[in-house]
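Me: Could you take me through one part of this structure closely, and then show me how it fits into the rest? The part I am curious about is the surroundings of ligand 1: where does ligand 1 lie?

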Amino acid sequence: MAYQVYVDGQEGTTGLRIHEYLAQRSDVELLRIDPDKRKDPAERARLLNAADVAFLCLPDAAAREAAALVTNPNTCLIDASTAHRTSPDWVFGLPELAAGQRDKLRKSKRIANPGCHASAFILLARPLVDAGLLPAALPVSATSITGYSGGGKKMIEQYQAGGDDKLLSPRPYGLTLSHKHIPEMMAHTGLTAKPVFLPIVGNFYKGLAVSLPLHFAQLASGTDATKIHAALQAHYAGERFVRVMPLQDPATLESGFFDVQGSNDTNDVDLFVFAHDTQAVLIARLDNLGKGASGAAVQCMNVHLGVDEALGL
Ligand SMILES: NC(=O)C1=CN([C@@H]2O[C@H](COP(=O)(O)OP(=O)(O)OC[C@H]3O[C@@H](n4cnc5c(N)ncnc54)[C@H](OP(=O)(O)O)[C@@H]3O)[C@@H](O)[C@H]2O)C=CC1
Ligand SMILES: CC(=O)N[C@@H](CCC(=O)OP(=O)(O)O)C(=O)O
C-alpha cells in the first residue's frame, strides 16, 4: 500500500516543490486539501492525522499550530520551518550531520529540517569541530549569498514585479546580527561563541553559497588547507549528496569568479576549500529549494521510511 503523504502549506514555495518531487512516485499517495479550506484547522487536523508523513511548509506559528493538531502516534512530521530546529524532542533533518543521525531519523516521528543558510554552514563547520581542527570556542564569521526564493512567496513576488531599482543590486540583511538560523548553527556544530552571520540576497531566483573564512593561526596547531580538506573528505566519505571538491580546484572558478548557482536543480551540497599562505575560505553551495528545503525534506522522508535515500531526488 502507498504511503499517505500530506503537505500542510501546499500552495507555498517549499510545498509546491515537494509536490513536484513526489508526483512521480508510485509508493506515495498525496493527500490534498480543498484550496478553500487550506487554513481551516479542523480540515488540516483531519489530513495531518490521516498521513503517514506530513510536511509542514508553513510560517513558524502555523507550524507550531500544526504540530499541536497531531494526535495520531503514527504520523511523522517533517517541519521545514524554524519552529523546532533546536527542540530536544525533534531530530535535526540533516542525515549527513554525524554518525548515527540516520538512525535517529528512522526512529523519530518529529523531524525538523535545517534552514538553507544553516545547512551550508553546519556542513562546513561540524566536521572541523569534530576533528578538533576548529576550536569550539572560536568566534567565527560567515556570509551567505542567496537567491530571492529563500524569502518565500512574498519576496518572490516583490522581485518578479520589477520596477524597483533597489532590488537590482545585492542586499545584505540580518544586520541586527541575530539571524534566525544562528541558534541552529551553534546547536548542531558545537560552536559555543555566537558567529557573526551576514546573509546577502541577490536578484536571482535560487542558489546559495555560505563562505567561512579561516585564519590557520586561530585553529588547532598545525592545521592547514590539506588537513581541513582531509577532514571534510573523511566526514563525508560515501555520502551521495555532499561532494567535497578537489582542493582549490581552478576548474570550479570561471575567470576567477565563483558560481553561486552551480548546484541548482540538484539535491547536492558542494564543499570547496580555497587557501593561500596562512588563510582559507571554505564555501558550501546548494540549491536553497533543493538541499536547502524541499529536497532535504524528501530525503529525510526517504530515510525515515527506510527506502532508497535518493528516491525521486
Ligand atoms: N523558501 C526557502 O528557500 C526555504 C523555506 N523554508 C521554510 O519553510 C517554510 C515555508 O516556506 P516557503 O514555502 O518559502 O513560504 P511561502 O510563504 O512560499 O509559503 C507558505 C505557505 O503557508 C501558507 N500558510 C500560512 N499560514 C497558514 C496556515 N495557518 N495554515 C495553512 N497554510 C498557511 C501560506 O498561505 P498563503 O499562500 O495564503 O500565503 C503559503 O502558501 C517557512 O517556515 C520557511 O521559513 C525553509 C528552508 C528554505
Ligand atoms: C532570502 C531569505 O530571506 N532567506 C531566508 C531563509 C530561508 C530559509 O532557510 O528558511 P527558514 O525560514 O525556514 O529558515 C532568511 O534568510 O530568512
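Reply: Happy to! We need one idea to begin with: the bounds of a domain, as used here, come from an automatic or database domain assignment. Please also keep in mind that this is a predicted model.

With that in hand, look at the two domains. Domain 1 covers 3-114 + 292-305 and domain 2 covers 116-288. Both of them give residues to the shell around ligand 1, so the ligand lies between them.

Now let's see who the neighbours are. The shell around ligand 1 has 27 residues, and G12, T14, S81, G152 and A293 come nearest. You can match these to the domains by their numbers: G12, T14 and S81 fall within 3-114, and A293 falls within 292-305, so these four belong to domain 1. G152 falls within 116-288, so it belongs to domain 2.

Four elements each give two or more residues to this shell: α1 (13-23), α3 (60-69), α6 (152-161) and α9 (290-305). The largest share comes from α1, with 3 residues. As for chemical character, the shell divides into 8 nonpolar, 13 polar and 6 charged residues.

Ligand 2 makes a nice companion case. There are 14 residues around ligand 2, and G115, C116, G150, G151 and V201 come nearest. Its shell divides into 6 nonpolar, 7 polar and 1 charged. Once again domain 1 and domain 2 both give residues, so ligand 2 also lies between them.

Next, a little more on each domain. On the domain 1 side, UniProt, in an unreviewed entry, places the feature "domain: Semialdehyde dehydrogenase NAD-binding" at residues 4-105. Over that stretch the chain is 35% helix and 19% strand, and its end C-alpha atoms are 18 Å apart.

For domain 2, follow an open sheet of 7 strands with mixed pairing, in the order β8-β9-β7-β10-β15-β14-β11. β8 (171-172) and β11 stand at its edges with a single partner strand each, so one side of each has no neighbour in the sheet. Inside this sheet, β7 (residues 141-146) and β9 (residues 196-201) are parallel partners over 6 bridges, with S144 opposite P199. V201, one of the residues that come nearest to ligand 2, is the final residue of β9.

Further along the sheet is β14 (residues 269-276), where 6 of the 8 residues are buried, so this strand is largely enclosed by the rest of the structure. On one hand, β14 pairs with β11 (residues 242-244) in the parallel sense over 3 bridges. On the other, 8 bridges join β14 to β15 (residues 279-286), and these two run antiparallel. D270 ties the picture together: R243 stands opposite D270, and D270 also stands opposite R285 in β15. β14 and β15 form a hairpin with 2 residues between them, and D277 in the turn has a positive phi of about 50°.

Finally, step back to the whole protein. It has 9 helices and 15 strands. Its radius of gyration is 19 Å, close to the 20 Å that the globule rule gives for 313 residues, so it is as compact as a globular protein of that length. Of those residues, 46% count as buried, and the C-alpha atoms fill a box of roughly 60 × 50 × 35 Å along the principal axes.

Technical notes. Residues are numbered from 1 along each chain as its sequence is written. Chains are lettered from A and ligands numbered from 1 in the order in which they are written. This is a predicted model: local features need pLDDT of at least 70, side-chain atom pairs count only at pLDDT 80 or more; totals for chains, interfaces and linings use all residues. A residue is near a molecule or strand if its C-beta atom, placed from the backbone, lies within 6 Å of it. Ala, Val, Leu, Ile, Met, Phe, Trp, Tyr, Cys and Pro count as nonpolar, Asp, Glu, Lys and Arg as charged, and the others, Gly among them, as polar. UniProt positions are given in the numbering used here, feature names are shortened, and annotations may be inferred rather than shown by experiment. A residue is buried if 20 or more other C-beta atoms lie within 10 Å of its own, exposed if 12 or fewer, and partly exposed in between; C-beta atoms are placed from the backbone. Two strands pair if DSSP finds at least two bridges between them. The radius of gyration is taken over C-alpha atoms; the globule rule is 2.2 Å times the number of residues to the power 0.38.
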